[in-house]
Amino acid sequence: MDTPGPLATATRTDTTISVAEDGPSSSTSSPTNLDRPTTPSSLSRSTTIQVIDTRPRMDGGAKAWLVVLGSFLIHSFCFAPTETIFGIFELHYHDIFPRANASSIAFVGTVGSAVTYLFGFVAGIVADRFGFRATALFGTLLMTSSLVLSSFVTQLWHLFLTQGI
């Protein structure tokens with residue numbers, strides 16, 4: 001199938017246009033020509049419009065695949081610690097805090113998942129104000145620092161502050 005290039009041609013046909021025509025002027029008519037009869041007529045015209053698409057074409061290439069890779073990494077990093085692999089963290093936290101209740105440790109993951117979705121509204125506002133790149137960079141630094149800090153916890157409530165929130 002042959003696809004058109006950035007230059008495309010569109011054709012528009014107006015079928016009926018009502019136009020008022022002036023009659024012949026005479027020396028006896030008034031200066032405003034209000035006495036002249038007007039008769040509507042139907043005209044048919046065809047107009048050809050040339051549309052030039054000046055937007056850059058995103059048909060693949062290295063830049064497009066880097067965007068896909070970046071999106072994959074951001075999404076997997078945001079959702080993996082709170083939803084996908086929290087069970088691995090939970091087993092490790094049972095070893096570190098043997099006296100802690102299993103539901104208390106599971107609540108850390110619940111809070112982390114809830115905060116991830118609730119702060120999506122805030123992230124949207126921040127992205128509108130500061131741009132997507134700055135927002136993604138800030139979120140990446142925040143998530144990385146909180147996971148690193150969670151490796152140094154000594155009490156369970158520290159996990160709520162670092163990994164949960």
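This passage describes the aromatic pairs, the nonpolar core and helix α3 of a predicted model.

Four aromatic pairs were found, as the structure holds 4 in total. One of them joins Phe86 and Phe89. Their ring centres lie 6.4 Å apart, with 50° between the planes, and the pair is tilted. Both residues sit in helix α2 (residues 86-96). They are 3 residues apart there, and so are separated by about one helical turn. An α-helix has 3.6 residues a turn, so residues three or four places apart point the same way. The two rings differ in burial. Phe86 is buried, at a relative accessible area of 7%, whereas Phe89 is partly exposed, at 24%. The cut-off for burial is under 20% relative accessible area, which is why Phe86 falls on one side and Phe89 on the other.

A second tilted pair is formed by Phe107 and Phe160. Here the centres are 5.8 Å apart and the planes meet at 55°. This pair links distant parts of the chain. Phe107 belongs to helix α3 (residues 102-130) and Phe160 to helix α5 (residues 156-164), 53 residues apart. Both rings are partly exposed: Phe107 has a relative accessibility of 45%, and Phe160 has 22%.

Ring pairs also build a cluster, made up of Phe86, Phe89 and Tyr93. Two residues of this cluster, Phe86 and Tyr93, recur in the largest nonpolar core. That core has 8 residues in all. Besides Phe86 and Tyr93, it includes Phe97, Ile105, Val108, Val153, Leu156 and Leu159. Helices α2, α3 and α5 each supply at least two residues of the core. In soluble globular proteins, nonpolar side chains tend to be buried together. Within the core, Leu159 touches Tyr93, Phe97, Val108 and Val153. Leu159 also contacts Ser150 and Gly164. These contacts leave out residues up to four places away in sequence.

Helix α3 was examined along its length. It has 29 residues. From first C-alpha to last, α3 reaches 40 Å, close to the 42 Å expected at 1.5 Å a residue. The helix carries a kink of about 35°, centred on Gly120. Buried positions in α3 are Ile105, Val108, Gly109, Val111, Gly112, Ser113, Val115 and Ala127. Of these, Ile105 and Val108 are also members of the largest nonpolar core. Just after α3, Gly131 adopts a positive phi of about 100°.

Note on methods:
Residues are numbered from 1 along each chain as its sequence is written. This is a predicted model: local features need pLDDT of at least 70, side-chain atom pairs count only at pLDDT 80 or more; totals for chains, interfaces and linings use all residues. Side-chain values use heavy atoms; hydrogens and water are left out. Rings of Phe, Tyr and Trp (its six-membered ring) pair if their centres lie within 6.5 Å; planes under 30 degrees apart count as stacked, over 60 as edge-to-face and the rest as tilted. Helices (H or I, at least four residues) and strands (E, at least two) are DSSP runs, numbered from the N terminus. Buried means under 20% relative accessible area, exposed over 50%, partly exposed in between (1.4 Å probe, protein chains only). A nonpolar core is a set of buried Ala, Val, Leu, Ile, Met, Phe, Trp, Tyr and Cys residues joined through side-chain atoms within 4.5 Å. Contact means heavy atoms within 4.5 Å. The expected span of a helix is 1.5 Å times one less than its number of residues. The bend at a residue is the angle between axes fitted to the seven residues ending there and the seven starting there.
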